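Reader: Got a minute to walk me through this one? I'd like to start with the sheet and then look at some helices.

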Amino acid sequence: MIYTNSPLIQYTKISPNKTAPRKHNIDTITIHCMAGNLSVETCGNLFASPSRKASSNYGIGSDGRIALYVEEKDRSWCSSNSANDHRAVTIEVANDGGADTGWHVSDQAMASLIELTADICRRNHINELRWKADPSLIGQVDQQNMTVHRWFAAKACPGDYLYHMHSYIADTVNRKLGTAQDTAPISPSAAPPGFSRRAHSSLCHLPGALCRRPENIRRRQLHSNLAEYLLSGSPYR
Ligand SMILES: [Zn+2]
């Protein structure tokens with residue numbers, strides 16, 4: 001398989017944190033949240049440090065700009081799961097809202113996420129995005145080819161906002177791909193079903209049991225963005 005990168009890239013800073021080349025064809029999309037309002041340059045600088053042991057294929061800032069950190073031919077260190085990251089393109093999205101918003105993302109970032117995802121699907125011959133919010137279907141890409149970090153580690157990533165937008169993202173991308181199953185109008189401004197502003201689900205990249213225990217909410221809030229978390233030296237992948 002010949003791999004390419006998106007023509008939508010506006011900034012490139014290749015991370016050393018990767019496995020090259022990936023060992024599986026691209027057949028999955030994994031959307032992450034930065035848990036902070038990082039620019040694509042700031043995120044790239046964090047991923048440029050070998051000691052972070054973290055990366056993603058792409059990043060999107062709240063201004064909608066798209067960055068490349070790990071080429072699609074290579075596996076990023078992003079989802080706490082080797083098998084997933086060997087077959088997935090991973091995308092980190094900046095948050096213009098904090099924990100109390102479920103890690104909201106800007107309209108510009110959402111628009112770029114949809115365009116980038118559609119482009120990834122076209123170039124990698126993914127004819128349709130499938131999302132059932134069902135972790136029992138991991139790896140069964142004929143039924144579900146989107147995954148989320150919270151299925152592989154005790155993390156809230158991609159945040160409740162993006163998590164509950166997955167159906168909208170899939171529907172909108174499928175319209176662009178010409179494979180939409182449902183022609184009913186959809187709106188990004190409508191509150192996604194089941195959307196919650198619970199503080200418990202606030203943080204994207206907090207390790208281990210910290211995500212589960214109410215007494216750790218204060219600690220989670222102390223690590224309220226990706227930069228702070230990564231600087232704390234905690235394992236990311
Ligand atoms: Zn994540």
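**Sheet and helices**

Author: Sure. This is a predicted model, and in it six strands make an open sheet, ordered S1-S5-S4-S7-S3-S8, with mixed pairing.

Reader: Which strands stand at the edges?

Author: Strand S1 (11–12) and S8 do; each has a single partner strand, so one side of each has no neighbour in the sheet.

Reader: And S4 with S7, parallel or antiparallel?

Author: S4 (residues 58–60) and S7 (residues 88–93) run parallel, joined by three bridges. Gly59 sits opposite Glu92 in S7.

Reader: OK, helices now. Which residues of H1 are buried?

Author: In helix H1 (residues 40–47), they are Val40, Cys43, Gly44, Leu46 and Phe47. Looking down the axis of H1, those buried residues fall within an arc of 160°, so they line one face of the helix.

Reader: What about H5, which residues are buried there?

Author: His166, Ile169, Ala170, Thr172, Val173 and Asn174.

Reader: What do they pack against?

Author: The buried residues of H5 pack against helix H3 (107–123), strand S8 (146–147) and helix H4 (159–164). So S8, an edge strand of the sheet, is one of the elements that H5 packs on.

Reader: How far apart are the end C-alpha atoms of H5?

Author: They are 16 Å apart, which agrees with the 16 Å that its 12 residues (166–177) should span at 1.5 Å a residue. Just after H5, Gly178 has a positive phi of about 80°.

Reader: Zooming out, how much of the chain is buried?

Author: Of its 237 residues, 46% count as buried. The chain has seven helices and eight strands.

Definitions and conventions:
Residues numbered from 1 in each chain as written. Predicted model: local features only at pLDDT ≥ 70, side-chain atom pairs only at ≥ 80, totals over all residues. Buried ≥ 20, exposed ≤ 12 C-beta atoms within 10 Å, placed from the backbone. Helix = DSSP H or I, 4+ residues; strand = E, 2+ residues; numbered from the N terminus. Arc of directions from axis to C-beta. Expected span 1.5 Å × (residues − 1). Contact = placed C-beta atoms within 7 Å. Pairing = 2+ DSSP bridges.
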